[in-house]
Amino acid sequence: MTSLLHGISDPNPYKLLTPGPLTTTLAVREAMLIDRCTWDADYKALTERVRRRLLEVACADPDEFTAVLMQGSGTFGVESVLTSVPGPNDRVLVLVNGAYSVRMCSILEAAGVAHDRMDFAWDEVPQAAAVADWLDAHPETTMVSMVHSETTTGILNDIESVAREVKARGRIMVVDAMSSFGGVPMNLDALGADFVISSANKCIQGVPGFSFIIARRSALEASAGNARSVSLDLYEQWRVLEKDAGKWRFTSPTHVVAAFDEALDEFIAQGGVAARAARYRRCSRMLRDGMKALGFRPYIDEAHQGPIITTFLYPTPDFKFEELYEWLKSRGYVIYPGKLTEADSFRIGNIGEIYPEDIERVLALVKEFMQR
Ligand SMILES: *Cc1c(COP(=O)(O)O)cnc(C)c1O
């Protein structure tokens with residue numbers, strides 16, 4: 001895209017080492033300079049292109065799967081699935097090992113959807129064998145819901161082995177792939193999950209404003225009429241998008257969708273999931289190796305550590321996170337507080353426009369901070 005800004009330098013005062021919103025390219029932000037008309041053919045074509053390309057990123061056969069865009073942040077997408085897919089005779093099992101799976105339970109609770117939760121330690125991945133045992137003992141459980149990359153801790157859950165057990169028993173599988181979609185390889189045709197949810201401001205590197213759901217057509221069609229809310233009705237959202245070829249049901253976040261389309265252009269030009277996953281893995285590994293050398297211990301074991309965000313424990317009881325935060329912020333990087341209840345921790349993410357040079361710079365800054 002030609003620059004409308006005539007080559008101004010990036011006005012961002014710092015880079016975000018937070019997993020969404022994250023640091024985007026100037027071109028992604030520039031795409032928002034144009035006001036678009038929601039029912040015009042150009043905008044509808046843009047929406048349809050985004051939907052088509054999301055299926056490609058997911059390795060999802062368009063005859064089997066469809067992409068639904070939903071206004072709001074990622075949680076709106078999760079809530080849309082969990083409150084409009086289960087029918088009155090369904091019962092959902094939530095695999096809990098972090099704040100985002102706890103949130104799934106809150107959503108089900110608030111909507112009055114029958115559910116159970118299976119709790120795992122937050123530094124452990126949910127075990128497929130335990131899920132298989134549960135499903136064999138509980139024929140009333142018709143759906144299983146879990147998080148892929150638990151951004152709370154940075155753990156990467158093993159959705160493949162869980163999906164195998166769930167699908168072998170003919171149950172519906174929901175995956176919150178919010179912070180992994182596009183940044184961790186996923187082949188939806190092989191995985192067999194039925195609903196995969198992510199949002200604009202994570203690994204595709206757009207700006208916040210909508211979520212998207214890759215849904216198995218048969219399961220989505222079967223859910224017609226089950227929604228417990230008007231605005232989050234997944235089936236209706238899909239029906240309108242399909243009927244009017246890219247027209248959103250209610251006002252669409254036009255600027256955000258245009259920015260996302262630009263982010264997808266960049267994503268594809270840079271080599272798609274494989275290239276992005278490789279960059280994230282490299283930066284994530286550099287970050288942990290460097291921080292360990294400076295005396296910081298990661299909370300998650302390397303075997304289950306994901307490439308998106310790392311939780312570090314305070315190195316000493318008198319460590320002042322706020323001071324490190326301000327030190328880094330005034331030098332160009334913003335990090336994230338921890339979300340653990342049992343230990344003092346903080347988090348550093350590495351998705352967005354973050355490259356190995358940034359990680360080197362951050363590590364040098366942390367070193368200076370520790371030695372000051
Ligand atoms: C970001 C994220 C969400 C959605 O959070 P929002 O604040 O609603 O965008 C859900 N699950 C996971 C794992 C996430 O990382």
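In this predicted model, the ligand is surrounded by twelve positions that fall into several stretches of the chain: Ser73, Gly74, Thr75, Tyr100, Arg103, Val147, Ser149, Thr151, Asp176, Met178, Ser179 and Lys202. Sorted by class, this shell holds six polar residues, alongside three nonpolar and three charged ones.

Three of the surrounding side chains deserve a closer look. Thr75 places a polar side-chain atom 2.5 Å from an oxygen atom of the ligand. For Asp176, the partner is a nitrogen atom of the ligand, which lies 2.6 Å from a polar atom of the side chain. Lys202 also takes part, with an N or O atom of its side chain 2.7 Å from a ligand oxygen. As for the surface of the ligand, 380 Å² would be exposed if the molecule were taken alone, and the protein buries 86% of that area.

The space that the ligand takes is the largest pocket of the model. Two helices give two or more residues each to the surrounding shell, namely α3 (74-84) and α4 (99-111).

Beyond the ligand site, a few features of the backbone are worth pointing out. A cis peptide bond links Gly20 to Pro21, with omega at about -5°. Pro21 itself belongs to the loop that runs between β1 (15-16) and α1 (26-30). A second loop, the one between α2 (41-57) and β2 (65-71), contains Cys59. The phi angle of Cys59 is near 50°, which is a positive value in a residue other than glycine.

Further along the chain comes helix α11, which covers residues 272-293 and has 22 residues. From its first C-alpha to its last, α11 reaches 32 Å, close to the 32 Å expected at 1.5 Å a residue. Just after this helix, Gly295 adopts a positive phi of about 100°.

Terms used:
Residues are numbered from 1 along each chain as its sequence is written. This is a predicted model: local features need pLDDT of at least 70, side-chain atom pairs count only at pLDDT 80 or more; totals for chains, interfaces and linings use all residues. Side-chain values use heavy atoms; hydrogens and water are left out. A residue is near a molecule or strand if one of its heavy atoms lies within 4 Å of it. A polar contact is a pair of N or O atoms within 3.5 Å; within protein, one must be able to donate a hydrogen and the other to accept it, and residues adjacent in sequence count only if both atoms are side-chain atoms. Accessible areas come from the Shrake-Rupley method with a 1.4 Å probe; for residues, only the protein chains shown count as cover. On a 1 Å grid over the protein atoms alone, a cavity is a set of points where a 1.4 Å probe fits but cannot get out, and a pocket is an open set with protein on both sides within 12 Å along at least five of seven lines; lining residues have an atom within 4 Å of a point. A molecule sits in a cavity or pocket if more than half of its atoms lie within 2 Å of its grid points. Helices (H or I, at least four residues) and strands (E, at least two) are DSSP runs, numbered from the N terminus. Ala, Val, Leu, Ile, Met, Phe, Trp, Tyr, Cys and Pro count as nonpolar, Asp, Glu, Lys and Arg as charged, and the others, Gly among them, as polar. The expected span of a helix is 1.5 Å times one less than its number of residues.
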